[in-house]
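Subject: Structure for you to look at

Hello,

Here is the structure I said I would pass on. My notes on it follow below.

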Amino acid sequence: MSGHNPYKDFTARLKLLCSEHPDLITITLSNIFTMRLVGNKTHGDLAEIAIAEFINQYMYDFRAVYFGKDLYRAKSQEEDIKIINESTKAEFTVSLKAYGDGPLQLSTDKKFQMFPRLQKEGGNIEGKEAIQRLLKDPAFAEFQNINVLSLIYDEQQKRCNILVFDYERAAAQTQRIVGEKREKTSSFPLL
């Protein structure tokens with residue numbers, strides 16, 4: 001990505017708000033993850049609504065629209081909320097993920113292009129040049145344009161936080177991609 005990025009403006013403001021008023025995000029995330037008592041999928045749906053409302057209530061220069069309900073189960077797109085910068089009128093979408101402590105699935109590869117492309121490399125990829133070449137492959141084009149906020153919780157320690165995934169930073173700092181063998185607990189590949 002090049003040029004001005006409205007998502008980065010938003011995440012910078014979100015980080016500032018959370019650092020100045022940590023109680024606001026702690027209460028919001030605690031309420032979201034308490035819904036796990038009702039059911040595993042419930043907290044993910046609530047997260048989409050709650051974060052949109054958090055933005056609308058506490059981030060005066062941004063507005064959020066939850067449209068996950070309009071795409072319920074169709075999932076024609078990965079994003080769950082649209083955010084509008086009230087000053088610049090820039091609009092962008094965000095994919096929210098709610099996870100327990102452990103491995104993260106940052107994106108759903110609906111066209112199933114990324115994993116087969118990684119397999120062509122033979123499992124392990126090392127070196128900045130090889131990684132940069134791989135990430136510029138068309139198989140990764142959609143992933144670099146997805147704005148992801150992961151809501152992470154640790155039930156044992158009663159902790160929660162937000163992980164702002166920064167594609168550019170991850171791409172620039174990745175030194176190695178390693179394929180791992182998985183037990184038959186999941187049908188999805190892990191890298």
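How many bridges join β2 to β3, and do these strands run parallel or antiparallel? Four bridges join them, and the two strands run antiparallel. Please keep in mind that this is a predicted model.

The sheet

β2 and β3 belong to an open sheet of five strands, in the order β1-β2-β3-β5-β6, with mixed pairing. β1 (62-66) and β6 are at the edges; each has a single partner strand, so one side of each is left without a neighbour in the sheet. On average, neighbouring strands of this sheet are turned by 25 degrees against each other, direction ignored.

Going through the pairs, β1 is joined to β2 (residues 81-85) by five bridges, and these two strands run antiparallel. Within that pair, Ala64 has Ile83 of β2 as its bridge partner. Between β2 and β3, Ile84 is bridged to Glu91 in β3. The hairpin of β2 and β3 has five residues between the strands, and Lys89 in this hairpin takes a positive phi near 70 degrees. β3 and β5, in turn, pair in the parallel sense, over six bridges. Tyr99 has its bridge partner, Ile152, in β5.

The helices against the sheet

α1 lies across β1, β2, β3 (91-100), β5 and β6, and runs at about 30 degrees to β5. α2 also packs on the sheet, where it touches β3, β5 and β6. The direction of α2 makes about 105 degrees with that of β6.

One residue of α1 (residues 6-20) that I looked at is Arg13. Is Arg13 buried or exposed? Its relative accessible area is 18%, and because the cut-off for buried is under 20%, Arg13 counts as buried. Apart from neighbours within four places in sequence, Arg13 is in contact with Met59, Tyr60, Asp61 and Phe62.

The second largest pocket

This pocket, the second largest, has a volume of about 260 Å³. Its lining includes Ser30, Phe33, Thr34, Tyr153, Asp154, Arg159 and Cys160. The elements that give two or more residues to this lining are α2 (22-34), β5 (148-154) and β6 (159-164). Which of them gives the largest share? That is α2, with three residues. By type, the lining residues divide into five charged, four nonpolar and two polar. Among the others in the lining are Arg36, Leu37, Glu155 and Lys158.

Best wishes

Methods: Residues are numbered from 1 along each chain as its sequence is written. This is a predicted model: local features need pLDDT of at least 70, side-chain atom pairs count only at pLDDT 80 or more; totals for chains, interfaces and linings use all residues. Side-chain values use heavy atoms; hydrogens and water are left out. Buried means under 20% relative accessible area, exposed over 50%, partly exposed in between (1.4 Å probe, protein chains only). Contact means heavy atoms within 4.5 Å. On a 1 Å grid over the protein atoms alone, a cavity is a set of points where a 1.4 Å probe fits but cannot get out, and a pocket is an open set with protein on both sides within 12 Å along at least five of seven lines; lining residues have an atom within 4 Å of a point. Grid points are joined across faces, edges and corners, and a volume is the space filled by probe spheres set on the points. Ala, Val, Leu, Ile, Met, Phe, Trp, Tyr, Cys and Pro count as nonpolar, Asp, Glu, Lys and Arg as charged, and the others, Gly among them, as polar. Two strands pair if DSSP finds at least two bridges between them. Axes are lines fitted to C-alpha atoms, for helices over the stretch in contact, and angles run from 0 to 180 degrees between N-to-C directions.
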